[in-house]
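Trainee: Could we go through this model together, beginning with the term we will need for its side chains and then turning to its strands and rings?

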Amino acid sequence: MNIKEVFIAAGLALGLSAVAHAADKKPVHEGPSVSIPASDIQFIDTGVKSDGKELKAGPAYGNLENGRHGTFVRAPAGFKSAPHTHSEDYYAVVLKGVGANYQAGGKVVPLPVGSYWFQRGEESHVTECISDTDCLFFLVQPGKFDYVLSK
């Protein structure tokens, strides 16, 4: 075996060892399985207001005030946030209405039911409910939800 073959064999052995080790690791689970009917979701005020309209939040898992969470967010028809940021990234899906989420000063792209967006943390953006009916979004965020007005 020449030196090149030795390095290739060693690399394959290390790679296979890493794959085998990864296969031995057990997944980390969030907690017990749950099923929550929509009628049982308790919505609370968020303090995020615009033109007298306020976002409401309904927890699915975790706690949006202090850590990792999945949360339903109700936005009244016509709601438009001020340009703002969040410390953490988040992922969102439109469940009802037509929303929009875009960088401050950017193009408004309508997001109908079934649409998805990713919002990078610390990036100024605007979130809207552009439909004539209220919007319902579902957010997943690895850390707490905060709302910081952009300068």
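Mentor: Let us fix one term before we start: a residue counts as buried when its relative accessible area is under 20%, and as exposed when that area is over 50%. Please keep in mind throughout that this is a predicted model.

Trainee: Are Trp 117 and Phe 137 buried or exposed?

Mentor: The cut-off for a buried residue is a relative accessible area under 20%. Trp 117 falls into that class, and Phe 137 does likewise, so that the word for both, by this definition, is buried.

Trainee: What is the geometry of the aromatic pair that Trp 117 and Phe 137 form?

Mentor: The structure holds four aromatic pairs. In the one formed by Trp 117 and Phe 137, the centres lie 5.1 Å apart and the planes meet at 80 degrees. Because planes over 60 degrees apart count as edge-to-face, the pair formed by Trp 117 and Phe 137 is edge-to-face.

Trainee: Which strands hold Trp 117 and Phe 137?

Mentor: The pair links distant parts of the chain, its two residues being 20 residues apart. Trp 117 lies in strand E7, while Phe 137 belongs to strand E9.

Trainee: What is the order of the strands in the open sheet of six strands?

Mentor: The pairing in this open sheet is antiparallel, and its edge strands, each pairing on one side only, are E1 (44-50) and E7 (116-119). Read across the sheet, the order is E1-E2-E3-E9-E5-E7.

Trainee: Which residue in E9 is the bridge partner of Val 93?

Mentor: Strand E5 (residues 90-96) and strand E9 (residues 135-141) run antiparallel and are joined by five bridges. For Val 93, the bridge partner in E9 is Phe 138.

Definitions and conventions
Residues numbered from 1 in each chain as written. Predicted model: local features only at pLDDT ≥ 70, side-chain atom pairs only at ≥ 80, totals over all residues. Heavy atoms only, no water. Pairing = 2+ DSSP bridges. Helix = DSSP H or I, 4+ residues; strand = E, 2+ residues; numbered from the N terminus. Phe/Tyr/Trp six-rings, centres within 6.5 Å; stacked < 30°, edge-to-face > 60°. Buried < 20%, exposed > 50% of the residue type's maximum accessible area, 1.4 Å probe, protein only.
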